[in-house]
Amino acid sequence: MFFALTDEQRALQDSVREYLADRFPTSSVREVYDDPDGDGIPASLWQAYGEHGWLAVMVPEESDGLGLGVLDAAVLSRCLGAGVAPGPWLPTVIAGEALRLGGGAVPAAAKWLERIASGEVKLAFAPDPSLPVEYAAVADALVAVHDGTLTLLEPDAYTAAPVAVLDRTTRLARVEVTGSGTRLDSAAIEGVLRCAAVLTAADLAGIAREALSRTVAYDKERVQFGKPVGSVQILKHTLADLHIAVTMAEHAVLYAAYAIDTGRNDAALAVSVAKAKASDAARDVTAAMIQFHGGIGYTWEHDAHFFFKRAKRQEYAYGSASEHRERIAKLVVDA
Amino acid sequence: MDLSDSPVDAEFRTEFRAWLEANLPAEWGTSEFWMNLSPAESFALRREWEADKAREGFAGINWPKEFGGRGGTPTQKAIYDEEMARADAPVTVNTLGLTFLGPTVMAIGSDEQKRDIIKPMLHNEVIWCQGFSEPGAGSDLASLTTRATDAGDHWVVNGQKVWTTNALHADRMFALVRTDPQSQRHRGISMLLIDMHAEGVDARPLKQMTGNEEFGEVFLTDVKVPKDAVLGEVGAGWNVAMLLLSFERGSSAIGQYTRFRAEWEAVAKVARDSGRSKDPALRQRLADALVNLETLRLHSLHILTKVEKGEQLGFESSMTKLQWSETHQDLGEIYMDVRGYAGQQIPGLSTSELDPLTELFLWSRSETIWGGSSQVQRNIVAEHVLGLPR
């Protein structure tokens, strides 16, 4: 019995955290925020994703990837959420997983996986092409769940029109499928969406933890009425509850990823537990981040809105908390 | 990450599960069986069953063999808790002794105390209760006023303890008393080991809002206590109490999770059978309670992993307490919502004849108070985990 990250996973986590702290802190995120017409992919950061193997994490070794599991990818995703890091890491990794799970009979799939592993390409993933799709306008290809089938679309098979986006740590585009693309195995859809939900929950857990840490640090220093506001009991109790919620979300994310990796029969339940808990926790913590910073937290110049807006976007990606609770009810109340 | 049992742990689980299957009477799983027994009969039955279990080597799972324990690991203790809950075996009658006093005696007790206390406790020959809370000292334990006066060759104890679990069944009490009459707050307190059968000890039941009497009040009037019946140094009782309470930190909530999850299933079944499970709002709340139960399980595994790795435990047990007590209370509320007005009709005329889920609803109000109220726990998390200023 061992419910914790391995030393290797901790090392991976440390390396991503250190990279972002040194090379891409939130002041760098701000540059992406203040350039809404840019592609939202800082060149140095994207290069780092490729060079460090962060894109190759779940690509099989035979396609030159690291062949690691959802748990390792979740560790990465959590760090990128904490750093509110821009760039199509998550869509590329999810599209890669779709190619891995659904591309067995398709020669092109292996080729794309190799190019993901080497950091050459960016992919977009559309679970529902009627909704805005992350980085679709700049991606080299798109994997979509289209008319109930899992399809690999190259740029000649779709158009993507950029749209203005509320959370500027990403870029969105409206997609129109114009060609037929390459059909992948649609039986893989459920597995891909589970993986996507867990990695999104990991992003949310990262957002929530960082938002909480920054708020606690600020409230220890900020003095009003002659004492730190963090000594006021109503703030302390709220922050204690939020800390518990974030901790539980972190546990839930790790377990769900592990459950997928090991094929446990409660994987579907675990995924919904993780996405529901992480969505709620991140929404609540990032709202408290604004509130417990007072007026400064509501300004554009403060970082709080990076966390607040990203949490709001990810809350609805791959199923909201209430959608996942309904799935839980179907799995265990109706059973 | 690896949540499977090691071969040794799997073997222990199989062995204990088989023992429970062979030795736990089938009728014990029905609430009717317990309803027809008086509290004293029920206690005696459980006390005896547990003593048999101890003789078979299924007690003190992670206590050293030299003290009569099984010499197992914290993981095996968690497996034991999980299997006990899974089999719906009765909760231990000597819980305060086993959770708190035993580990403290092993850590700081004299050789005589180790010999006289540990094994009789494991075999339920001596049932222990805890004398901490007083009418004027609830969350603020350091304001306690029960005093022990030095009468040369013995102490003379006067005062009152309250919220004493098993007060009527216990043979001995580990109690915090003021041994220095001039002292204030945390100083001048000692941990006395008091014979509940001694003259001047008057234990009375305390009827709770459930109608049951799990707790009691203990009135102490000129009770003579031997001079050496002190655990730790005289005057160091506060530190002994802090050490004693710290042993709860490493204990696993896996058993609670397993019992609560079974209760959750029972609530879901009532909802399903009554058609209430079609209500979208109720479905959300049932699912939310399940989310919080599942994450409680994971938090327990997280703490267990830290214990097994020998890492320093912080105050994460306060998080565990908040998570389980508040989720359990939610579950009681959800059950009442499932029942609606029909829930007012209970099986018997006496309020003590409650169905288990209605009792859960009422009993769970106590769980956010005893053992450190939710508000105290939040202070602990804020100050000791997050480092927020006092």
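Biologist: How many helices and strands are there in the secondary structure of chain A?
Modeller: First, this is a predicted model: local features need pLDDT of at least 70, side-chain atom pairs count only at pLDDT 80 or more, and totals for chains, interfaces and linings use all residues. Residues are numbered from 1 along each chain as its sequence is written, while chains are lettered from A and ligands numbered from 1 in the order in which they are written. Helices (H or I, at least four residues) and strands (E, at least two) are DSSP runs, numbered from the N terminus. For chain A that comes to 11 helices and 9 strands.

Biologist: What is the radius of gyration of chain A?
Modeller: It's taken over C-alpha atoms, and the globule rule to hold it against is 2.2 Å times the number of residues to the power 0.38. For 335 residues the rule gives 20 Å, and chain A comes close to that, so it is as compact as a globular protein of that length. The radius of gyration of chain A is 20 Å.

Biologist: What share of chain A counts as buried?
Modeller: A residue is buried if 20 or more other C-beta atoms lie within 10 Å of its own, exposed if 12 or fewer, and partly exposed in between, with C-beta atoms placed from the backbone. Of the 335 residues of chain A, the buried share is 56%.

Biologist: Which strands of chain A stand at the edges of the open sheet?
Modeller: Two strands pair if DSSP finds at least two bridges between them. The sheet has 4 strands in the order S1-S3-S4-S7, with mixed pairing. Each edge strand has a single partner, so one side of it is left without a neighbour in the sheet. Those strands are S1 (123–126) and S7 (182–183) of chain A.

Biologist: In S7(A), what is the bridge partner of Leu152(A)?
Modeller: S4 (residues 149–153) of chain A pairs with S7(A) in the antiparallel sense, over 2 bridges. In S7(A), the partner of Leu152(A) is Thr182(A).

Biologist: Over in chain B, which residue of S8(B) stands opposite Leu192(B)?
Modeller: Start from S5 (residues 189–195) of chain B, where 6 of the 7 residues are buried. S5(B) pairs with S4 (residues 172–178) of chain B over 7 antiparallel bridges. Another 2 bridges join S5(B) to S8 (residues 230–231) of chain B, also antiparallel. In S8(B), the residue opposite Leu192(B) is Val230(B).

Biologist: Which element gives the largest share of the largest nonpolar core?
Modeller: A nonpolar core is a set of buried Ala, Val, Leu, Ile, Met, Phe, Trp, Tyr and Cys residues joined through C-beta atoms within 7 Å. The largest one has 211 residues, and those with the most contacts inside it include Val253(A), Ala256(A) and Leu192(B). The largest share, 18 residues, comes from H8(A).

Biologist: And which element gives the largest share of the side of chain A that touches chain B?
Modeller: Two residues are in contact if their C-beta atoms, placed from the backbone, lie within 7 Å. The contact takes 36 residues from chain A and 37 from chain B. On the chain A side, two or more residues each come from H7 (189–221), H8 (233–261), H9 (267–293) and H11 (321–333). The largest share, 14 residues, comes from H8(A).
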